[in-house]
Amino acid sequence: VPMGVLSCMKYLMFVFNVLVFAGGTCLVCVGLWVAADPAGFQDIVAAKAVLSAGAYLLLAVGIALALLGFLGCCGALRQSRPLLLG
């Protein structure tokens, strides 16, 4: 496999993982916002139980995605297979 292809794959993996990290961070921010100020979202979601559970679900999924994205970025830059598989 030519070296240029491997270098391109390395940076594509890095960019993809940065996008995953950014998406996870955005989900965490929205989850914190909904958990801290649920009144702003009560017009969209009528049930308070759904709103509370949704906030914690957004937080959990966002933290997981941000962690996976961060580990993927580190793995792509270091070319570490365990970090990319984790």
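This is a short tour of a predicted model, taken one selection at a time.

**The whole chain**

Begin with the protein chain in a ribbon view, where there are three helices and zero strands, and where the elements, followed from the N terminus on, run α-α-α. If you then colour the chain by accessibility, buried residues make up 20% of its 86 residues.

**Helix H1**

Next select residues 3–36, which form helix H1. This helix has 34 residues and reaches 49 Å from its first C-alpha to its last, which is close to the 50 Å expected at 1.5 Å a residue. Now show the side chains of Asn17, Gly24, Val28, Gly31 and Val34, which are buried in H1. As you look along the helix, it may help to recall that an α-helix has 3.6 residues a turn, so residues three or four places apart point the same way.

**The annotated spans**

Two stretches come from a record rather than from the atoms: the unreviewed UniProt entry places the feature "transmembrane region" at residues 12–35 and 55–77. Select residues 12–35, and you will find a span that is 100% helix and 0% strand, with its end C-alpha atoms 35 Å apart. Then move to residues 55–77, where the chain is again 100% helix and 0% strand, and where the end C-alpha atoms are 33 Å apart.

**Leucine 77 and tyrosine 11**

Stay with leucine 77, which lies in helix H2 and which, at 46% relative accessibility, counts as partly exposed. Add tyrosine 11 to the selection and draw a distance between the two C-alpha atoms: although these residues are 66 residues apart along the chain, the atoms are separated by 7.9 Å.

**Glutamine 79**

Move on to glutamine 79, which is found in the loop between H2 and H3. Its phi is near 55°, a positive value in a residue other than glycine, and this deserves a careful look, since most residues other than glycine have a negative phi. Is glutamine 79 buried or exposed? At 59% relative accessibility, glutamine 79 counts as exposed, because the cut-off for that class is over 50%.

**The largest pocket**

Glutamine 79 also belongs to the lining of the largest pocket, together with Leu6, Met9, Lys10, Met13, Gly75, Ala76, Ser80, Arg81 and Leu84. Select these residues and show a surface around them; about 240 Å³ of space lies in this pocket. The elements that give two or more residues to the lining are helix H1 (3–36), helix H2 (48–78) and helix H3 (81–85), and the largest share, four residues, comes from H1. If you colour the lining by class, you should see five nonpolar, three polar and two charged residues.

**The cysteines**

Finish with the cysteine side chains, for which a search of the whole structure finds zero disulfides. Cysteine 29 is in no disulfide, and the nearest cysteine sulfur, that of cysteine 26, is 6.3 Å away. At 46% relative accessibility, cysteine 29 counts as partly exposed. Turn then to cysteine 74 and ask why its sulfur makes no bond with the one in cysteine 73. The sulfur of cysteine 73 is the closest cysteine sulfur, but at 6.9 Å it is too far for a bond, because a disulfide needs the two sulfur atoms within 2.5 Å. Cysteine 74 itself, at 24% relative accessibility, counts as partly exposed.

Terms used
Residues numbered from 1 in each chain as written. Predicted model: local features only at pLDDT ≥ 70, side-chain atom pairs only at ≥ 80, totals over all residues. Heavy atoms only, no water. UniProt positions renumbered as here; feature names shortened; annotations may be inferred. Buried < 20%, exposed > 50% of the residue type's maximum accessible area, 1.4 Å probe, protein only. 1 Å grid on protein atoms, 1.4 Å probe; cavity = no way out; pocket = protein on both sides within 12 Å on 5 of 7 lines; lining within 4 Å. Points joined across faces, edges and corners; volume = space filled by probe spheres on them. Nonpolar A, V, L, I, M, F, W, Y, C, P; charged D, E, K, R; others polar. Expected span 1.5 Å × (residues − 1).
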